[in-house]
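Hi,

Here is the structure I promised to pass on to you. Please have a look at it first, and then read my notes underneath.

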Amino acid sequence: MKSIVRATPGKELKFEAEEGDALFVRSAARSMQVLAAFHGVSQPLSLGDIARLSGLDRSAAQRIVHTLSKLDYLRRSSDDRGYLPGIRLLDHTLDVLRLDPLVQKATPVLLELRRTLRERIDLSLFDDTRLIYAFRIQSKRETFYATLVGHSVPAYATAGGRAALSLLSDDAVRDVLERSELLQYTSDTRTDVDDILTQVQRARSKGYALIVDEFLRGEVAIGTAIAREGVPIGAIHVAGSLSEWSPDEFEQQVAPLAMEAARAIMASL
């Protein structure tokens with residue numbers, strides 16, 4: 001019997017506990033629902049906002065918000081008009097990153113890759129329909145928001161995502177795509193399931209994925225997958241500007257180095 005707690009940025013968190021799961025703690029799940037209410041929002045949340053986004057009644061939300069505020073997992077905004085995530089959550093972010101074997105082993109390899117290429121280098125963790133950035137070395141072109149660890153991107157429209165998906169069977173890839181919200185990020189973003197599957201198959205044959213103008217206008221990117229026992233756990237993502245690179249030139253120079261870095265990381269895991 002399995003209990004599930006899931007959250008997607010910008011969407012309400014819901015939990016399901018199968019009958020007979022005596023170990024599932026619903027109060028803990030409700031606390032996670034409150035924290036997940038902040039996924040994807042752009043401003044402090046009122047108590048009413050938190051109740052609505054978490055799917056809890058106002059009384060339950062109020063008690064949990066009060067408790068989390070006392071523990072510094074939530075805080076009042078500077079204008080005292082709502083709540084924001086608290087500083088204590090950063091302690092847990094640090095725990096995730098410092099204890100993750102992939103992040104530990106990948107960091108020195110990616111620092112060397114950045115010194116060689118002098119372009120943006122990302123390490124992301126594979127999470128079903130998305131990638132979550134765990135390590136980012138930015139270029140001068142990046143915005144503040146894009147530099148933040150924890151930022152997530154869809155697997156279907158990114159180089160690292162397609163590289164990670166290429167390690168799955170076609171049926172598993174199709175399942176992921178059919179459960180994804182296939183948004184049009186630029187006019188070149190592929191949103192047809194069969195078309196994306198073809199690109200994933202191409203990444204499988206090459207050992208890397210190439211994205212041009214699909215997720216960010218003016219960007220070319222190479223993604224290589226990182227696997228443990230054949231299962232994708234993350235990806236390296238190297239991105240450049242089309243004002244400085246042609247896609248062919250970028251692919252020829254970056255793809256071999258990105259694949260070498262992925263092999264080095266996997267050998268050390």
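Below are my notes, going from the whole chain to the sheet, one helix and the aromatic rings.

A word on the source: this is a predicted model, in which local features need pLDDT of at least 70 and side-chain atom pairs count only at pLDDT 80 or more, while totals for chains, interfaces and linings use all residues. Residues are numbered from 1 along each chain as its sequence is written, and side-chain values use heavy atoms, with hydrogens and water left out.

The chain as a whole has 9 helices and 10 strands (DSSP runs numbered from the N terminus: H or I of at least four residues for helices, E of at least two for strands). Of its 269 residues, 43% are buried (buried is under 20% relative accessible area, exposed is over 50%, and partly exposed is in between, with a 1.4 Å probe and protein chains only). Taking contacts between residues at least 6 apart in sequence, 52% join residues at least 24 apart (a contact has heavy atoms within 4.5 Å). The exposed area is about 14500 Å², with 51% supplied by carbon and sulfur atoms (Shrake-Rupley method, 1.4 Å probe; for residues, only the protein chains shown count as cover).

Now the sheet. An open sheet is built from 6 strands in the order 7-6-5-10-9-8, with antiparallel pairing (two strands pair if DSSP finds at least two bridges between them). Strands 7 and 8 are at the edges with a single partner strand each, so one side of each has no neighbour in the sheet. From one strand to the next, the twist averages 30 degrees (axes are lines fitted to C-alpha atoms, for helices over the stretch in contact, and angles run from 0 to 180 degrees between N-to-C directions).

Strand 8 (residues 209–212) is joined to the antiparallel strand 9 (residues 219–228) by 4 bridges. On strand 8, Ala 209 and Ile 211 point to one face and are buried, whereas Leu 210 and Val 212 point to the other and are not. Leu 210 has Ile 222 of strand 9 opposite. The hairpin of these two strands has 6 residues between them, and there Asp 213 takes a positive phi near 65 degrees.

Strand 5 (residues 120–127) and strand 10 (residues 231–241) pair antiparallel over 6 bridges, and Leu 123 has Ile 236 in strand 10 as its bridge partner. Ile 236 also turns up beside helix 9 (residues 247–268), the helix that holds Ala 261: beyond neighbours within four places in sequence, Ala 261 is in contact with Val 109, Leu 113 and Ile 236. Ala 261 has a relative accessible area of 6%, so this residue is buried.

Finally, the rings. The whole structure holds 3 aromatic pairs (Phe, Tyr and Trp rings, the six-membered one for Trp, with centres within 6.5 Å; planes under 30 degrees apart are stacked, over 60 edge-to-face, the rest tilted). Tyr 156 and Tyr 185 form a tilted pair because their planes are at 40 degrees, with centres 6.5 Å apart. Tyr 156 is buried at 2% relative accessibility, while Tyr 185 is partly exposed at 36%. Trp 245 and Phe 250 pair edge-to-face, at 5.2 Å between centres and 85 degrees between planes. Phe 250 is buried with a relative accessible area of 0%.

Best wishes
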